[in-house]
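Visitor: I would like to go through a protein model slowly, one feature at a time. Could you show it to me before I begin with my questions?

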Amino acid sequence: MSREAEIDAFLGRVWKPGAPWRPLAADASFRRYFRVDGEPPAVLMDAPPDKEDVRPFMAIGEYLVESGFSAPRLIAADIAEGFLLLEDLGDDTFTRMIARDSGLERALYESAVDVLVDLHRIAPPQYLPVRGAAPFELPLYDDDALTREVLLFTDWYLPTRTGQPTPPDAGAEFEALWRSVFPLVRSGAETLVLLDYHADNLMALPGRHGAGAVGLLDFQDGRIGPAAYDLVSLLQDCRRNVPHALEEAMLDRYLAARPEVDREAFMTAYWVLGAQRNTKIIGIFTRLWKRDGKPRYPAMIPNLWTLLERGLEHPELDDMKLWFDAYCAADQRRLALPGEAA
């Protein structure tokens, strides 16, 4: 049976036979999304079970809803087949709202920061229930996980840029430098990190109030980790230019709402995590293009370098900056990758 026929069969069981559906979006994973006609419409997530696991999305989504946030409500699921039928939160991403009316930018970012303030006041449980399955254990965003991510740079970007494998001694030094700074991100209580918390994954829901007025998408990779991480995702966004004045104002807003947080330690964590995130995404975007044949991602790498270079100016990252200067010269960073279409 084709995947399309499996979708029709699933919708026939849980929605209505013959319900029309049409492509809505795809993302950097193997997941696809479709809008399913109905009153109201719904969204189908198609996550091939040999490549994706829908249980984390189910577990974290239902946890967020029960905690008062606006993740898409789960209507029906077939875990074995990799299908979820979800509440449709509409089309008004923050990105689209700001493109239509730039005057909305500050208010939307304030609402996104306020969601994080509320979320970070809740200690996340280690295990989350999953409808129809065993509980899901939230992974830890520990030093090993952070290190695995940055090594995508030396595994994918640097060899693509230079045309040869990363020298073993350079790779070992790179890993050691990162491990030496990761303890700096552990100040304060850890929180649920949604991981890809940025304007493309946030929805404006005008009929709702407070934290519920922000729709949350793409949280299936959530884990327990440093509170500063999702501020980085929001404010150091390679997909759109967040003005520095807005970034500073939003950090001030977050810290004013959480006076128990040590500002200096938090800001150090913010810059270290920013360097970590932008480094790993350079590696991920290279892999998406080179391995997975997704051509749009390399165009964002120059923006990532701009963000990364800014972060490397933090004094705690002086040695890291020297490494990047030694192994990836500044005048090469914004050139097209070898083999990339012009």
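Visitor: How do the residues of the lining of the largest cavity divide into nonpolar, polar and charged?
Guide: This is a predicted model, in which local features need pLDDT of at least 70 and side-chain atom pairs pLDDT 80 or more, while totals for chains, interfaces and linings use all residues. Residues are numbered from 1 along each chain as its sequence is written, and side-chain values use heavy atoms, without hydrogens and water. C238, I281 and L304 count as nonpolar, D237, R239 and R277 as charged, and H198, S233, Q236 and N278 as polar. The lining therefore divides into three nonpolar, three charged and four polar residues.

Visitor: Which helix gives the most to the lining of the largest cavity?
Guide: A cavity is a set of points on a 1 Å grid where a 1.4 Å probe fits but cannot get out, and its lining residues have an atom within 4 Å of a point. Among the lining residues are R277, N278 and I281, and their numbers fall in the range 263-290, which belongs to the helix asked for. Helices are DSSP runs (H or I, at least four residues), as are strands (E, at least two). With three residues in the lining, the answer is helix α9.

Visitor: In the pairing of β4 with β5, what is the bridge partner of L74?
Guide: Strand β4 (residues 74-78) and strand β5 (residues 83-87) run antiparallel and are joined by four bridges, where pairing requires at least two. They form a hairpin with four residues between them, and G82 in the turn has a positive phi of about 80°. Across from L74, the partner in β5 is L86.

Visitor: Which residue in the hairpin of β6 and β7 takes a positive phi?
Guide: Strand β6 (residues 127-130) pairs with strand β7 (residues 133-137) in the antiparallel sense, over three bridges, and Y127 stands opposite E137. Two residues lie between these strands, and the positive phi, near 80°, is that of G132.

Visitor: What is the omega of the cis peptide bond between E39 and P40?
Guide: To find the place, look in the loop between β2 (32-36) and β3 (42-46), where P40 is located. The cis bond joins E39 to P40, and its omega is about -5°.

Visitor: Which residue has a positive phi although it is not a glycine?
Guide: Follow the chain to the loop between β8 (191-193) and β9 (202-204), where the residue in question is found. Its phi is about 85°, and the residue is L195.

Methods:
1 Å grid on protein atoms, 1.4 Å probe; cavity = no way out; pocket = protein on both sides within 12 Å on 5 of 7 lines; lining within 4 Å.
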